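Here are some notes to go with your first look at this chain. Have the viewer open and follow the points in order.

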Amino acid sequence: MSVNQATALGDILAGYSAGARGVGPENLIPILQEVQERQGYLSEGAVEALARVIGISENEIYGVASFYAQFRFQPPAEHTIHVCQGTACHVRGSHQILFDFEERLNIKAGEMTADQKFGLERVACVGCCALAPVVLVDGQVRAGMKPKFVTGLLAKLGYKPFAKAS
Ligand code: FES
């Protein structure tokens, strides 16, 4: 765990200790949510430290965290692309958009490129169906997405496809 991560974790735990909530197993999920919000993921170091402070085993923490899809155990990619697959987006072709991102990035939804620059996620309705089909790029909504925009969007984000072997 880096110094910054340790400081962030200390701040989070201090907030719980000082407040009415307390640092205990009953607050494990909100604590994990805050750790991930500050650090981008749940590092091994953070889980180890939390286990010590809260007084439960690391396995228990991994058991709880892995139950929820929201928690990650690896650092996020530099750019994360969420392709909405909710009904409104689906009927407007989001399946093809997801397929095109997978093809261009050469990864499947739920994976990240080898250089960790791009992560691709499938997501259910993100709450702006009137703008369908929708893609989130680093949390920013891209409305009216079309398959023909995929290559340009990736280029703007600095994606360089690997050179093909001759
Ligand atoms: S279905 Fe995609 S935003 Fe609602």
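1. A word on terms before anything else: helices and strands here are DSSP runs, with at least four residues for a helix and at least two for a strand, numbered from the N terminus. Keep in mind too that you are looking at a predicted model.

2. Start with the overall layout. The chain holds seven helices and four strands. Reading from the N terminus, the order is α-α-α-α-β-α-α-β-β-β-α. The C-alpha trace spans about 50 × 40 × 25 Å along its principal axes. Of the 166 residues, 22% count as buried. If you take contacts between residues at least 6 apart in sequence, 60% of them join residues at least 24 apart.

3. Next, the domains. The domain assignment splits off domain 1 as residues 3-67 and domain 2 as residues 79-156. Between the C-alpha centres of domain 1 and domain 2 there are 31 Å.

4. Now look at the helix pair α1 (residues 3-18) and α2 (residues 28-39). Their axes are 10 Å apart and the packing angle is about 145°. The crossing of α1 past α2 is right-handed. On the α1 side, the contact is made by Gln-5, Ala-8, Leu-9, Ile-12 and Tyr-16, and on the α2 side by Ile-31, Glu-34, Val-35, Arg-38 and Gln-39. Sorted by class, that contact has six nonpolar, two polar and two charged residues.

5. A second pair to check is α3 (residues 44-54) with α4 (residues 58-67). Here the angle is about 115° and the axes lie 8 Å apart. The crossing of α3 and α4 is again a right-handed one. Val-47, Glu-48, Leu-50 and Ala-51 of α3 make the contact with Glu-58, Ile-61 and Tyr-62 of α4. In this contact of α3 with α4 there are five nonpolar and two charged residues, and no polar ones.

6. Tyr-16 deserves a click of its own. This residue sits in helix α1. Is Tyr-16 buried or exposed? Neither, as Tyr-16 counts as partly exposed because it has 18 C-beta neighbours inside 10 Å, and a buried residue needs 20 or more. Apart from neighbours within four places in sequence, Tyr-16 is in contact with Arg-21, Gly-22, Val-23, Asn-27 and Ile-31. Ile-31 is also one of the α2 residues in the α1 contact described above. For a sense of scale, try the C-alpha atoms of Tyr-16 and Gly-152: these residues are 136 apart along the chain, and the atoms are separated by 45 Å.

7. Two backbone oddities share a loop. Asn-106 has a positive phi of about 60° although it is not a glycine, and Gln-116, also a non-glycine residue, has a positive phi near 65°. Asn-106 is in the loop between α6 (94-105) and β2, and Gln-116 lies in the loop between α6 and β2 too. How do they fare for exposure? Asn-106 is exposed, because 12 other C-beta atoms lie within 10 Å, while Gln-116, with 13 such atoms within 10 Å, is partly exposed. The cut-off for exposed is 12 or fewer.

8. Last, a peptide bond to inspect. Which residues does the cis peptide bond join? The pair is Ala-132 and Pro-133, with omega about -5°. You will find Pro-133 in the loop between β2 (118-123) and β3 (135-137).

Methods:
Residues numbered from 1 in each chain as written. Predicted model: local features only at pLDDT ≥ 70, side-chain atom pairs only at ≥ 80, totals over all residues. Axes fitted to C-alpha atoms, helices over the stretch in contact; angles between N-to-C directions. Left-handed = near helix turned anticlockwise from the far one by under 90°. Contact = placed C-beta atoms within 7 Å. Nonpolar A, V, L, I, M, F, W, Y, C, P; charged D, E, K, R; others polar. Domains from an automatic or database assignment.
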